[in-house]
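Trainee: Please take me closely through one loop of this model, and then show me how a few other spots look beside it. I'd like the details residue by residue.

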Amino acid sequence: RREDARRFLDGSSRGTFNFVNFADFAAGLVNTSTFRYGQTIRYWRRYPWDVYWQDQYRVKDNLTINYGVRYEYPSAIGQTRKNATNFIPGVGPVLLDSNQLLQIDPTKRGLASFVLTSSPVTLSQSGVNLDRNNFAPVIGVAYTPRFARALFGNDRSVIRLGFRVGYDDIFNNIPANMGLNAPYTLTTTQTANVTQPGKFAWPVGFDQTVPLVSNVGRQGPGTPTSGLLTFNAEDPNLRSAYLYQYNLGIHRRLFGDLSVEDHYQGWTGHKLGTFLDQNQPLVIDRDPNVRGNQAPNEQVFPYPTVSTVSTGVDNGNSNYNGVVLTTKYLGRKGVFLQASYTFGKSIDYASAFFGSSGERTGVSDVNNIKAERGPSSFDIRHRAVITYVIDLPAGPGHRLFGWDNAISRQVFGGWQISG
């Protein structure tokens, strides 16, 4: 199938200005400003497809096997109008569908700083390599034991087990954000007492003829050479996240309408998405008593002419193991009761690509990914749920409003309470 995405991300194209108070606003004294040059309407397209085959084989009347396999080709979302840039590790920002490398000339200002040279790599319209190996087998077995009848009863128990591989699509925001990169856009920020000696006038916020690299030729303790432009990137070898999911359980009908179930559930996730900064500085620690960016310590940026390079990568893993105990009662008078208890634990490196409740987006230290491992943000160790559904004794067939006619059936029949 064909999928098209039209992304419009002009959040600050007309300028964002902030003031300390209304008096400053009236006097035109700006505290911070952000201004973006260039429009960010981007057109993306991909052609994903998948195919699957499955079958069921009944070995005996008490043993059934379901099995199959699925192949998924996610394609790669590509820029149809050639206006996006990916930041390639060890190379730098390369324009999609070209071999043009964007470099920043620190001796110039604003847009005049952009210089295009030849890159050792050539990118496609997507800027990444295709993922073609997403095969996902699945198997399930249901077995009714006919031995140890004192334990399993007479055809009153079912043992089920299953295993499958599942894949997830890459979140489209990851590649689409490459459309926000230079040279197609330029975002500049002015801040009082940082980039300006104090509060500044409106025209200063709109002026983009500013140096895009700071401390040029002054690399040293407390004064690193660093760029002002941030980049959004995607690992060119990014792969679809996948999981191995498995379970084993037994269902036992005790007597009448009462049954119990005991299930083990587990899965392991691989190639999960996280963000890292390709331009995380190396800190030369000369005095552990002061912060790393303060003298006599020294920061050395791998790419000193740019700022943060937020890159979507697939280096996350996760695992979950849990036991679920369930009791069900399905009465003959319209009463259904279910009580379940789950004991489980989920551990991962990142619970979501863009972070989730209680955690930051991206890793703290790109050189120590293992430090991110811990309980998932959604980890719930104990969970108990009780559910009920009760048919109300009203309408046809009941003493209350039991007239058997169209009005009674429509108005009074089929009412339930649940919770």
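Mentor: Here is a walk through that loop, followed by other loops and a patch on the surface.

The model is predicted, so local features need pLDDT of at least 70 and side-chain atom pairs pLDDT 80 or more, while totals for chains, interfaces and linings use all residues. Residues are numbered from 1 along each chain as its sequence is written, and side-chain values use heavy atoms, with hydrogens and water left out.

Let's start with Asn181, which sits in the loop between H3 and E14. Helices (H or I, at least four residues) and strands (E, at least two) are DSSP runs numbered from the N terminus. Asn181 has a relative accessible area of 1%, so it counts as buried (under 20%; exposed is over 50%, partly exposed in between, with a 1.4 Å probe and protein chains only). Its side chain reaches the backbone oxygen of Thr85 at 2.7 Å. Beyond its neighbours within four places in sequence, Asn181 is in contact (heavy atoms within 4.5 Å) with Thr85, Thr230, Phe231 and Asn232. Thr85 thus appears both in that contact list and as the owner of the oxygen that the Asn181 side chain reaches.

Stay in this loop a moment longer. Pro183 also lies there, between helix H3 (173-176) and strand E14 (186-191). The peptide bond leading into it from Ala182 is cis, with omega near 5°.

Now for the other loops. The bond from Ala295 to Pro296 is cis too, with omega near 10°, and Pro296 lies between strand E20 (282-284) and strand E21 (298-300). Asp97, in the loop between strand E9 (92-95) and strand E10 (100-104), has a positive phi, near 60°, although it is not glycine. With a relative accessible area of 31%, Asp97 is partly exposed. Ala148, between strand E12 (134-143) and helix H2 (149-152), also has a positive phi without being glycine, near 45°. Ala148 is partly exposed, at 40%.

Finally, look at the surface. Leu161, Leu248, Tyr264, Val323, Leu325, Tyr341 and Phe343 form a nonpolar patch with about 580 Å² of accessible area together. Strand E22 (309-330) and strand E23 (335-348) are the elements that give two or more residues to this patch. Leu325 belongs to strand E22 and is partly exposed, with a relative accessible area of 40%.

Note on methods:
Patches are made of residues with over 30% relative accessible area and no salt bridge: like charges are joined within 9 Å, nonpolar side chains (Val, Leu, Ile, Met, Phe, Trp, Tyr) within 5 Å. Accessible areas come from the Shrake-Rupley method with a 1.4 Å probe; for residues, only the protein chains shown count as cover. A salt bridge is a side-chain nitrogen of Lys or Arg within 4 Å of a carboxyl oxygen of Asp or Glu. A polar contact is a pair of N or O atoms within 3.5 Å; within protein, one must be able to donate a hydrogen and the other to accept it, and residues adjacent in sequence count only if both atoms are side-chain atoms.
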